[in-house]
Amino acid sequence: MANVALLAVFLLSGSFPARAQDTRTDQAGSVLREYVDKGYCTYTYVVPPGSRTEGFTPPGLERQLAENKEETDRLKNQVDRLSSLVNTLLSTVGSLSAELSEEKVRSAELEQNLTQELQEQETRLQNQGQDIAQGIQELETRLQTLGQDIAQGIQEQETRLQTQVQNMTQQLQEQETRLQTQCTCERPVPGGDVSTTAASLPSERTATTQPSIPPPVSTGIRRPVTGIQIRLVGGANPLEGRVEVRNGTGQWGSVCDDNFDLQDADVVCRQLGFGAALEVKLAGHFGEGSGNVWLDEVACRGNETDLGDCPADSWGRSDCSHKEDAGVVCIEKSAVRLTGGHVPWEGRLEFRPGEKSDWGAVCNTGWTEAGAGVVCRQMGYTGGVTSSGPADIGEGSENIWLGDVTCSGNETNILSCGFSWEPSDCDHTQDVHVICTGDVSVRLTGGQNSSEGQVEIRIPNDDWGTVCDDGFDDRDAQVVCRQLGYRGGVARVGGVFPEGTGNIWLDNLNCAGNESSVSDCEINRWGDHDCTHKEDAGVVCGGAAEGDCAGYYSSRWTTSGVYPIGLLPADVEAFCDMDTAGGGWTVIQRRQDGSVPFNRTWEEYKLGFGNKNGEYWLGNEKIHLLTNQKNYSLRIDLADWNNESAYAEYSTFRVSGESDGYRLHISGYSGTAGDSLIDYLHSSNGERFSTVDTDNDISSYWGRCSQRFGQGGWWFGSDCGYSWLNGRYLGNCGSSCSSMQGVVWYFWRGWSYSLKSVSMKIRP
């Protein structure tokens, strides 16, 4: 309060204007008074001595007094307002003081309450701690009692087991004595085969039931168990499953996964005839077994040939349940073969899951031509088709391993296709029968030069063998020599050349003389003969290979077929069309059934691929070499699914080398199919070759033409052009095919029609 009053006085004192009054006397004794107003002039009045000054008012003084009065009133008002403000502040201070006092009271009460609650909580916690300590003591007492009971029970059980072991040992000794008196046989091995007699061991211990008699040996010695059989159960295919074993003809049981690793799995897969193990599956992955858990703690080194050769706990001794059953996934080592046919490339299809498995049939449910191509390529042929059925070859009598086989055609092994294992709804009237395509290989041995000698032949993945000279004549010799790249040949019979060794594959070979391969001739059953190697057939071939098919035609080789091309490196062949438009055409591309995929890489298109008797691409490098040695024309023959045909012919055709991207040079169209190669708007002339992995096209709108349209290699024009003869083979989908994806020739059948067949051929 005092501070507030001092502040008011200070403000009040500073509000008056500065004013000075000076009174003095001059030399004449007059009183001089000067009034000095701040901001005004100074006035001096002379008052003579003895003069009366009362009532004298200097000029302007009244005005100044009036102003001072106004100033005084204003300051008074300010003082009043300050006083009011001070009163308000004092009132506020009083209120705050009262509230502070009340807050102190509440804080004291709250502190008292909290202290009381903490004391109560501490008391409760102390009580609970005492209860917990008492409970722990009681639990420790019960556990000690239980432990004593368990120890006592174990001692009693050990005593019973020892007694049973002694009884069992005595029984085994008595049994051995009886067997020795009856026959001479092997000494029983605990857990192994007792003998070939009817004698058998007492029942063996399992991991899931209470044993009535313990295992014969309880010493825990890890030793091999001889003579066990093995199988995989519960897998989606024969290469995987839960490992089950049995001793001799006993019951099947599982193997515990304790320490079961890839080395153990390798032995399992190898014993089954598969390749190495791909993966180990633990914890009953393929489902829980039943019965006994025969093996535990298996410890193979990985080089054993039989699981019984691996150290393991004693047979039947295990602490596992079937939740711990071990499983494996093996690498396939399956095989397919054709049986019952006259030649190795045709017959009833048989499948074997592993080297030690039995051969079995394949059911035709779900089977397509794509599957025939897969199994034939797996056997080393170039393709294949499905034959009509049992009437051709006969029914099987073995297991039926596979059914519902669905292949896309690109697989390299039948197990890469979809299938069901051991179908229950099939019989041998549904066995699959296949005819594979692909040349029989031919060579000449024992002659003075490479153009003569004893004829030897073989099929893919088999041994070389000879041909018996029964019925062998010049027509057969011409086919052999043509297949080897010579113009003609004559037969030599009666052991002219040194005798061969090994198999005699053919007898009574019957060729017409115009075939391109021995496999096209009439053949008796492969391997059946009544000959010796003194009757091995031989040939003497004459003349070198012609430069191209036009050369053969000029030399009066007028039968269409596969011929060696002399303008190309050795062993390069092509199909010669000797019938179309005057003959002599060297075929560089052919599509006819979709058996050969054309979605290939740059390197594959460079070297060529396919089957010269079927679908193929000769190879960009070979086309380049041919068309840069002579001036060639190109003919393209097309056929639709209504068997209507058309053609396009170009008077000049040349392909540059790889350094220039195998660029196309073409001109001079004529024909009935329309010009889909050098149309002025999207011409392929002058374009480089493109594949799915090498983009050389110039399309700015569509991007990578090969990847977008059919995935085949081609000379794509601007905006990808008007033709894709190497696109996907879509089959008979009419005009509803996927647009611009199939075998397309736009100016004949449009974007959405995939042609049935097409061939590209050249001639000088």
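**Exercise 1. Find the side chain that makes a polar contact with the side chain of Ser 254, then say whether Ser 254 is buried or exposed.**

Step 1. Go to Ser 254 in this predicted model; the residue sits in strand 6.

Step 2. Look along its side chain for a polar partner. You should land on the side chain of Asp 325, at 2.8 Å.

Step 3. Now check the accessibility. Ser 254 comes out at 1%, and buried means under 20%, so this serine counts as buried.

Step 4. List who else packs around it. Leaving out residues up to four places away in sequence, Ser 254 touches Val 243, Glu 244 and Val 245, then Asn 292, Val 293, Trp 294 and Leu 295, and finally His 322 along with Asp 325.

**Exercise 2. Which residues have the most contacts inside the largest nonpolar core?**

Step 1. Pick out the core itself: the largest one has 75 residues.

Step 2. Rank its members by contacts inside the core. Val 245, Leu 307 and Trp 367 come out on top.

Step 3. Zoom in on Val 245. Beyond its neighbours up to four places away in sequence, its contacts include Ile 228, Ile 230, Trp 252, Val 255, Trp 294, Leu 295, Leu 307 and Trp 315. Ser 254 from the previous exercise is one of its contacts too.

Step 4. Don't stop at one core. A second, separate core has 57 residues, among them Ala 574, Ile 588, Ala 648 and Val 743.

**Exercise 3. Asn 259 has a positive phi although it is not a glycine. Where does it lie, and is it buried or exposed?**

Step 1. Read off the backbone angle: phi of Asn 259 is about 60°.

Step 2. Place the residue. Asn 259 lies in the loop between strand 6 (253-255) and helix 3 (262-271).

Step 3. Check the accessibility. The value for Asn 259 is 56%, and exposed means over 50%, so Asn 259 counts as exposed.

Step 4. Try the other one, Tyr 662, whose phi is also positive, near 50°. Tyr 662 belongs to the loop between strand 29 (645-655) and strand 30 (664-671). Its relative accessible area is 0%, so Tyr 662 is buried.

**Exercise 4. How do strand 10 and strand 11 run, and how many bridges join them?**

Step 1. Mark the two strands: residues 335-340 for strand 10, residues 346-352 for strand 11.

Step 2. Trace their directions and count the bridges. The strands run antiparallel, with six bridges between them.

Step 3. Pick a facing pair to check the register: Gly 340 stands opposite Gly 347 in strand 11.

Step 4. Follow the chain from one strand to the other. Five residues lie between them, and the two strands form a hairpin.

**Exercise 5. Which residues does Ile 435 touch, not counting those up to four places away in sequence?**

Step 1. Locate Ile 435 in strand 16, which spans residues 433-437.

Step 2. Collect the contacts: Trp 345, Glu 346, Cys 376, Gly 384, Val 385 and Ser 387.

Step 3. Compare sequence and space for one pair. Ile 435 and Thr 386 are 49 residues apart in sequence, with their C-alpha atoms 6.1 Å apart.

Step 4. Classify the residue. At 30% relative accessibility, Ile 435 counts as partly exposed.

Step 5. Zoom out to the whole protein. Among contacts between residues at least 6 apart in sequence, 61% join residues at least 24 apart. The protein has 11 helices and 33 strands, and 42% of its 764 residues count as buried.

Notes: Residues numbered from 1 in each chain as written. Predicted model: local features only at pLDDT ≥ 70, side-chain atom pairs only at ≥ 80, totals over all residues. Heavy atoms only, no water. Helix = DSSP H or I, 4+ residues; strand = E, 2+ residues; numbered from the N terminus. Buried < 20%, exposed > 50% of the residue type's maximum accessible area, 1.4 Å probe, protein only. Contact = heavy atoms within 4.5 Å. Core = buried A, V, L, I, M, F, W, Y, C linked by side-chain atoms within 4.5 Å. Pairing = 2+ DSSP bridges. Polar contact = N/O pair within 3.5 Å; in protein donor to acceptor, adjacent residues only side chain to side chain.
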